[in-house]
Amino acid sequence: MNVVLQLRSDYDIDVCCQDPRDPQIRTGGASPYQPCQASPTSLHRSRFTPSSPPIDIVIMVKNGPNSLRNSTSNLSLRPTPSETELNAAARQRMADLEARIAQMKVGHEGRARSSAAEPSAPLFYPSPEQSRALQADIDVRSGSRAGESSAPSLSFYPSPEQSRALQADIDAGSGSRAAGSISPFPRVSYPGIPKSLEALRTYRDCGYAYPQQSNGTTYPAPPPHFFPPPLPCPSRMSAPFGALSPWAERDLPANKETPKKSLFEKYNESLQEQHNKPKGSLITKGLVREVNALKSPEAYTQPFCDFLTENPTVWHAVAYFEKKLEKAGFKKLSERKNWNSELQKGGKYFVSRNGSSLIAFTIGGGYKSGNGVAMIAGHVDALTARLKPVSNKRTAAGYVQLGVAPYAGALNPTWWDRDLGVGGRVLVKDSTGKITTKLVKLGWPIARIPTLAPHFGVGMFGANNTETQAVPIIGLDSSDTVAGEEFKNLTLGGEGTFSATQPPKLVRTIASELGIQDYSSIVNWELELFDTQPAQVGGLDKEFIFAGRIDDKLCSWSAMEGLLASAAAPTSGDDGIVKLVGVFDDEEIGSLLRQGARGNFLPGTVERISESFAKGSSANVLSQTYANSFLISADVTHAVNPNFLGSYLEGHAPRLNVGLVVCADSNGHMTTDSVSTTLLTRIAEKSDSCLQLFMIRNDSRSGGTVGPMLSSAMGVRAIDAGIPQLSMHSIRATTGALDPGLGVKVFKGFFDNFESVDKEFE
């Protein structure tokens with residue numbers, strides 16, 4: 001009886017007794033071991049007798065309650081009550097098999113003990129003539145053929161130990177000590193050398209290199225005529241079950257080395273070994289240095305969604321960029337220090353202002369003062385509602401409410417009935433009196449602005465009062481029902497402290513989140529509301545991204561990724577420009593603050609870079625730098641809305657997942673002109689990117705960007721070009737799933753090709 005283990009898709013145990021005589025089972029395929037179509041044991045129970053021909057037992061494995069996964073014990077079949085009698089015969093057959101294996105073990109161990117006592121003998125492979133001469137010599141020495149010496153003389157004579165080893169191998173192969181029979185397979189007794197016919201055949205058939213002797217030379221390979229036809233190579237079977245192939249027990253000769261463990265034990269151990277193999281995790285992969293080379297557009301979809309979800313406020317977004325830049329080898333600069341000794345050709349740097357604006361740049365290996373700067377500018381602020389300096393409010397009808405003020409166009413109808421979290425930055429005084437900034441994000445729904453049901457007859461989305469009717473609720477408190485109790489503002493942290501001006505429950509939650517024990521150590525904060533629903537892909541083919549805060553974190557993120565991809569290339573002496581990305585705060589409210597684009601942050605940074613490499617006065621050099629520079633004002637623009645096609649100009653209706661959109665405006669709200677459009681078109685051609693066009697109708701009002709204020713302040717050539725989106729200024733917007741990656745591609749192309757394209761315009 002032969003036992004074969006065959007792996008199937010799962011891991012439960014079935015015993016299938018296959019009788020080769022049955023034409024229903026022995027199919028015409030390459031292997032006769034096919035799964036039984038009927039109940040296997042009932043099919044063969046009546047035919048199986050001790051006098052029957054051998055029957056193969058095929059063990060098929062499935063994943064179920066009798067699974068062997070993680071088991072190290074011998075296999076046991078678990079019959080159902082209706083199959084007990086039938087499976088008893090199968091158990092008996094397996095017991096017979098185990099007994100046979102045990103007998104083989106005993107024979108093997110006996111031979112192993114006898115061979116262990118023998119000294120090592122050299123490995124030799126006699127020719128057929130030498131084999132006959134060797135046998136004659138053995139016969140003469142043993143007296144079995146005394147007086148006969150017609151055999152050809154030997155050019156070598158084995159030692160007595162070699163003769164005994166050779167005869168032992170003959171005995172093992174033939175099962176007897178019949179005189180006059182000689183095996184051409186020599187006994188191998190060197191440490192590390194195969195000691196059996198099967199092992200030697202494996203060396204040959206699997207293409208293994210033959211072992212080396214202690215002096216470094218390789219043992220001679222046996223001649224091909226010393227072996228029977230090759231067997232299938234175990235190493236070429238599917239790991240880890242190659243040793244359980246159909247020929248494993250059936251085709252090998254009787255002198256095969258028997259494993260010390262049963263087949264079932266080996267099977268269980270192989271499963272355990274496979275289960276215990278170390279597996280790569282996302283955590284360990286995240287610890288590996290990031291590769292910033294350009295990827296396919298779809299590779300940027302999920303990272304962008306993660307960025308939006310994990311960084312809901314402007315401070316979180318800037319902190320994210322800082323960490324990513326540091327990981328890519330960028331060095332942080334301080335606006336308070338001199339940069340002349342810091343900046344080097346081929347260097348990578350970034351500087352932030354107010355924790356809400358950031359500029360990152362690389363300096364080419366061949367940069368000279370006066371050379372141009374390739375710039376991309378965007379913004380990371382978004383419509384939101386920020387907590388008032390005193391956000392504590394009187395309890396109204398048992399509700400705890402939060403005093404907030406709209407930032408830009410927030411608290412519009414899309415903000416009602418949304419799950420709102422709270423996040424921002426908190427200023428904390430430590431025990432030494434030093435003020436530190438900590439970021440906080442309460443990512444679960446904290447606040448909600450409830451609408452009024454239509455049954456009350458009041459139109460909800462008309463002229464609602466944002467001061468009295470758009471007040472978020474953050475909890476319940478029935479203390480207002482106690483008669484005569486006046487509203488108390490000072491609750492936590494003591495009188496005169498900042499914490500006393502805020503809702504006590506919110507103070508406790510923020511302090512707990514940051515690990516603050518003393519409420520009075522919170523000296524101030526800037527917190528805002530945000531939609532807690534995560535950014536995610538959507539559509540039947542997942543061709544959309546649905547998210548909050550797309551405007552303008554989309555272009556800012558893609559521009560930063562484009563800079564990182566460009567900076568990943570080795571520093572070159574042919575690179576003679578500065579490549580720069582600036583992401584600013586306060587764009588949605590006019591950019592008038594110092595961290596806004598209308599401040600001196602970007603012009604001042606360019607001036608300091610140019611000055612650091614100027615040998616003399618930098619006055620003329622700065623003007624030269626601006627004249628050689630170019631700016632892309634990268635802010636999101638409008639994708640065509642299929643429900644309002646009449647609101648778009650024909651030929652100016654951008655689509656999602658196509659490419660960057662060049663924005664034009666006849667009244668100067670955009671910086672685009674014919675020269676800048678031609679230059680960006682050449683760059684798009686070189687980077688294999690597609691450009692689209694957008695211009696608003698004459699009867700509509702155009703929005704603004706940071707482009708006009710920056711280009712006019714520095715006198716640089718500029719263009720407004722952004723990534724399209726639907727539902728601009730809604731709390732949830734839509735863009736294409738490929739659009740972040742398409743933005744990265746064209747922005748990297750801008751950094752890589754601007755210097756060569758600019759020479760076409762000199």
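Strand 19 (residues 660–663) pairs with strand 20 (residues 691–694) in the parallel sense, over four bridges. The model is predicted: local features require pLDDT of at least 70, side-chain atom pairs count only at pLDDT 80 or more, and totals for chains, interfaces and linings use all residues. Residues are numbered from 1 along each chain as its sequence is written, and side-chain values use heavy atoms, with hydrogens and water left out. Strands (E, at least two residues) and helices (H or I, at least four) are DSSP runs numbered from the N terminus. Pairing requires at least two DSSP bridges between two strands.

Within the parallel pair, Cys663 lies opposite Phe694 of strand 20. Helix 15 (residues 674–686) joins these two strands in a right-handed β-α-β unit. Right-handed here means that, with the strands pointing away from the viewer, the path from the first strand over the helix to the second runs clockwise. Strand 19 also pairs with strand 21 (residues 717–722), in the antiparallel sense and over two bridges. Ala721 of strand 21 is the bridge partner of Val662.

In a regular strand, side chains alternate between the two faces of the sheet. Both faces of strand 19 are covered. Leu660 and Val662 are buried on one side, Val661 and Cys663 on the other. Buried denotes under 20% relative accessible area (1.4 Å probe, protein chains only).

A separate open sheet contains three strands in the order 14-15-23, with antiparallel pairing. Strand 14 (536–538) and strand 23 (733–736) are its edges, each pairing on one side only. Neighbouring strands are turned by 35° against each other on average, direction ignored. Strand 14 pairs with strand 15 (residues 544–547) over three bridges. Phe546 of strand 15 is the bridge partner of Gln536. Helix 9 (residues 301–310) lies across strands 14 and 15, running at about 5° to strand 15. Axes are lines fitted to C-alpha atoms, for helices over the stretch in contact, and angles run from 0 to 180 degrees between N-to-C directions.

Helix 12 (residues 550–567) packs against helix 17 (residues 739–758) at about 50°, with the axes 7 Å apart. The two helices are therefore oblique to each other; oblique covers angles that are not under 35, over 145 or 65 to 115 degrees. Their crossing is right-handed, the near helix being turned clockwise from the far one by less than a right angle. Contact (heavy atoms within 4.5 Å) involves residues of helix 12 including Trp557, Glu561 and Leu563, and residues of helix 17 including Val744, Phe747 and Phe751.

Terms used:
Buried < 20%, exposed > 50% of the residue type's maximum accessible area, 1.4 Å probe, protein only.
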